[in-house]
Amino acid sequence: MFPYIGSGSYCFSNSLAMVLGDDSPDPAVIEVLTGSPFGFQLIDGTLPLFDPFGWDPEAGLDTAIELLGHECVRSDGDDSDEAVDRLREAAARGPVVVGPVDMGLLLYQPGSGTANGADHYVAVEAVEGDTVVFHDPHGYPYATLPVGAFLEAWRAEEISYVDRPFVLRTEFERRREVSAEDALRASLPKSLAWLSGRGDVEMPPGSLGNGAGLERLAEQVASGELDPDIRQMMENFAVRTGARRLADAAVCLAGIGHSRPAGILAEQARILGGVQYPLVTGDDRALAEGLRRLASTYDELREALAKAVEADEAATAR
């Protein structure tokens with residue numbers, strides 16, 4: 001496997017890694033543990049995200065934390081004054097994971113100032129007087145915001161997968177020793193469940209997953225129906241993030257001896273990474289062809305991953 005090393009939009013995995021410190025595996029491992037590489041979803045039939053049908057970062061973070069043998073306290077609430085007090089007290093005991101926040105309202109980032117629903121996570125170090133000090137994994141160490149401005153971003157009004165604002169995770173504690181390899185093996189049944197389509201998640205009407213979702217997206221591209229804002233989101237975020245997730249999952253699964261699903265994941269990463277050029281240059285024929293090629297791989301990946309899970313279970317039974 002040829003690993004990718006470089007920048008990328010791993011905000012929740014990077015934030016968790018910063019907070020866990022020496023107890024953390026590589027952020028690429030955390031990302032795989034969240035389950036994010038194992039699927040595709042077309043939300044409302046229009047919003048393409050290269051993560052599983054019904055998945056969101058909140059579910060992924062909780063899964064990764066548990067698989068790594070840690071516990072933490074997750075809290076939220078509607079009252080802004082209470083949220084500031086909660087953040088101030090938590091950060092005084094150590095760094096905390098905060099999010100989702102609305103990336104469009106992180107005012108130190110060029111071009112910000114308007115809520116855009118782009119979800120993001122940060123690691124807060126301290127609240128010093130009226131200033132929040134934190135590491136933003138999007139490339140801004142020791143970023144600062146006035147408390148009021150931070151609250152506006154943290155309110156996350158445009159982010160649909162949280163019911164209440166001001167979510168933070170603190171008081172991380174290791175309950176059991178778990179190696180990265182063991183955590184990855186334990187994650188595979190959960191990843192298979194996401195890839196197979198979980199029946200316990202509600203999705204908006206018209207939402208599609210995996211191959212069916214990609215086929216529909218390819219139709220939109222080929223017919224000229226792709227919304228310009230959706231195209232821009234794909235150019236700037238979705239495709240490159242999805243390709244990195246797949247590449248990291250390929251390396252992780254190869255590292256624990258599951259060469260067959262690793263090979264399929266690597267091929268998925270190559271296909272998805274390869275559509276960035278036609279996407280940006282407007283070659284919609286090539287873009288649609290690439291999306292259809294990717295659509296055809298998900299059943300194969302599910303079969304290979306199921307065999308890997310069976311092999312691990314058989315080895316454990318021995």
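## Close-ups of salt bridges, a buried threonine and some backbone oddities

Glu 171 is partly exposed, with a relative accessible area of 46% (buried is under 20%, exposed is over 50%, and partly exposed is in between, with a 1.4 Å probe and protein chains only). This is a predicted model, in which local features need pLDDT of at least 70 and side-chain atom pairs count only at pLDDT 80 or more, while totals for chains, interfaces and linings use all residues. Residues are numbered from 1 along each chain as its sequence is written, and side-chain values use heavy atoms, with hydrogens and water left out.

**View A. Glu 171 pairs up with Arg 93.** The two residues form a salt bridge, with 3.3 Å between the closest N and O atoms (a side-chain nitrogen of Lys or Arg within 4 Å of a carboxyl oxygen of Asp or Glu). This one links distant parts of the chain: Glu 171 belongs to strand β8 (residues 168–174) and Arg 93 to helix α4 (residues 80–93), 78 residues apart. Helices (H or I, at least four residues) and strands (E, at least two) are DSSP runs, numbered from the N terminus. Arg 93 is exposed, at 55% relative accessible area. Look at the backbone of Glu 171 too: phi is positive, at about 55°, although this residue is not a glycine.

**View B. Arg 216 and Glu 219 meet within helix α7.** Their side chains come together in a salt bridge, 3.3 Å from N to O. Both residues sit in α7 (residues 210–222), three residues apart, or about one turn of the helix. Glu 219 is partly exposed at 41% relative accessibility, and Arg 216 is also partly exposed, with 28%.

**View C. Helix α12 holds the pair Asp 299 and Arg 302.** Here the closest N and O atoms of the salt bridge are 2.7 Å apart. The helix covers residues 298–317, and the partners are separated by about one helical turn because they are three residues apart in it. Asp 299 has a relative accessible area of 46%, so it counts as partly exposed. Arg 302 is partly exposed as well, at 27%.

**View D. Several charged side chains join in a salt-bridge network.** Trace the links among Glu 58, Asp 62, Arg 74, Asp 76, Asp 78, Arg 164 and Arg 169. If you want to hunt for others, a search of the whole structure turns up 28 salt bridges.

**View E. Thr 34 is tucked away in a loop.** The loop runs between α2 (27–33) and β1 (41–43). With just 1% relative accessibility, Thr 34 counts as buried. Its side chain reaches the backbone nitrogen of Ser 36 at 3.3 Å. Neighbours within four places in sequence aside, Thr 34 is in contact (heavy atoms within 4.5 Å) with Phe 12, Ser 13, Trp 55, Gly 60, Leu 61 and Ala 64.

**View F. The backbone does something unusual to follow at Gly 99–Pro 100: a cis peptide bond.** Omega is near 10° on going from Gly 99 to Pro 100. Pro 100 is part of strand β4 (residues 96–102).

**View G. Phe 166 has a positive phi.** The value is near 60°, in a residue other than glycine. You'll find Phe 166 in the loop between α5 (147–154) and β8. At 0% relative accessibility, Phe 166 is buried.

Definitions and conventions. A polar contact is a pair of N or O atoms within 3.5 Å; within protein, one must be able to donate a hydrogen and the other to accept it, and residues adjacent in sequence count only if both atoms are side-chain atoms.
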